[in-house]
Amino acid sequence: PEGEPKYKLPPKFQKRFVLFNYHRAKKFAREQGLILVEGFFDRVKVWQAGFRNVVALMGTALSDEQARLLVEALGPNGKLILMLDADEAGERATKEIVEKLIDKVFIKVINLKDKASQPEHLSDEEIKKLLS
């Protein structure tokens, strides 16, 4: 409903300290890198396409705490794949994340062609093609 948050999270939950699915994906980080998406459903869709190394921001802002988690998991030669929504907020977030992490890890940006595209709307085949 209008005036209500999009998702109901536990009281006092501070998403700036968390990357959704980090506890599972970090074991793949050094070998495969990490895929960073915006939301819960984007992460689920990429996971269903076979990529276990995917984490979600739960929004578009990457906090310093989340950046530290990414860099720590990836290591000095780490690879981060950004696959954010192809809307104004996603494009702005991509630029900000690249600026924040460019000197810490290798970053590959996946540009979704259709400006209405979100990873959650792509087929498994489309996701596999984009991430190969």
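This is a short group-meeting talk about one helix, a surface patch and a loop residue.

Hi everyone. Before I start, keep in mind that what you see here is a predicted model.

Let's begin with helix H1, which runs over residues 22-32. Which residues of H1 are buried? They are Tyr22, Ala25 and Ala29. Those buried residues cover an arc of only 75° around the axis, so they end up on the same side of H1. Now turn to the other side of H1: there you'll find Lys27, Arg30 and Glu31, and these are exposed.

So what do the buried residues of H1 pack against? Their partners are strand E1 (34-37), strand E2 (54-56) and helix H3 (64-74). And once H1 is over, you get Gly33, which has a positive phi, near 80°.

Next, the surface. Tyr7, Leu9, Phe13 and Phe41 together make a nonpolar patch of about 360 Å². Let me pick out one of them, Tyr7, which sits in the segment before H1. Why does Tyr7 count as partly exposed? Because its relative accessibility is 32%, and partly exposed covers what lies between the buried cut-off, under 20%, and the exposed one, over 50%.

My last stop is Ser63, in the loop between E2 and H3. Is Ser63 buried or exposed? Ser63 is buried, because its relative accessible area is 12%, and buried means under 20%. If we leave out residues up to four places away in sequence, Ser63 touches Arg16 and Lys100.

That's my tour, thanks for listening!

Conventions:
Residues numbered from 1 in each chain as written. Predicted model: local features only at pLDDT ≥ 70, side-chain atom pairs only at ≥ 80, totals over all residues. Heavy atoms only, no water. Buried < 20%, exposed > 50% of the residue type's maximum accessible area, 1.4 Å probe, protein only. Helix = DSSP H or I, 4+ residues; strand = E, 2+ residues; numbered from the N terminus. Arc of directions from axis to C-beta. Contact = heavy atoms within 4.5 Å. Patch = residues over 30% accessible without salt bridge, like charges linked within 9 Å, V, L, I, M, F, W, Y side chains within 5 Å. Areas by Shrake-Rupley, 256 points an atom, 1.4 Å probe, with all protein chains shown as cover. Salt bridge = Lys/Arg side-chain N within 4 Å of Asp/Glu carboxyl O.
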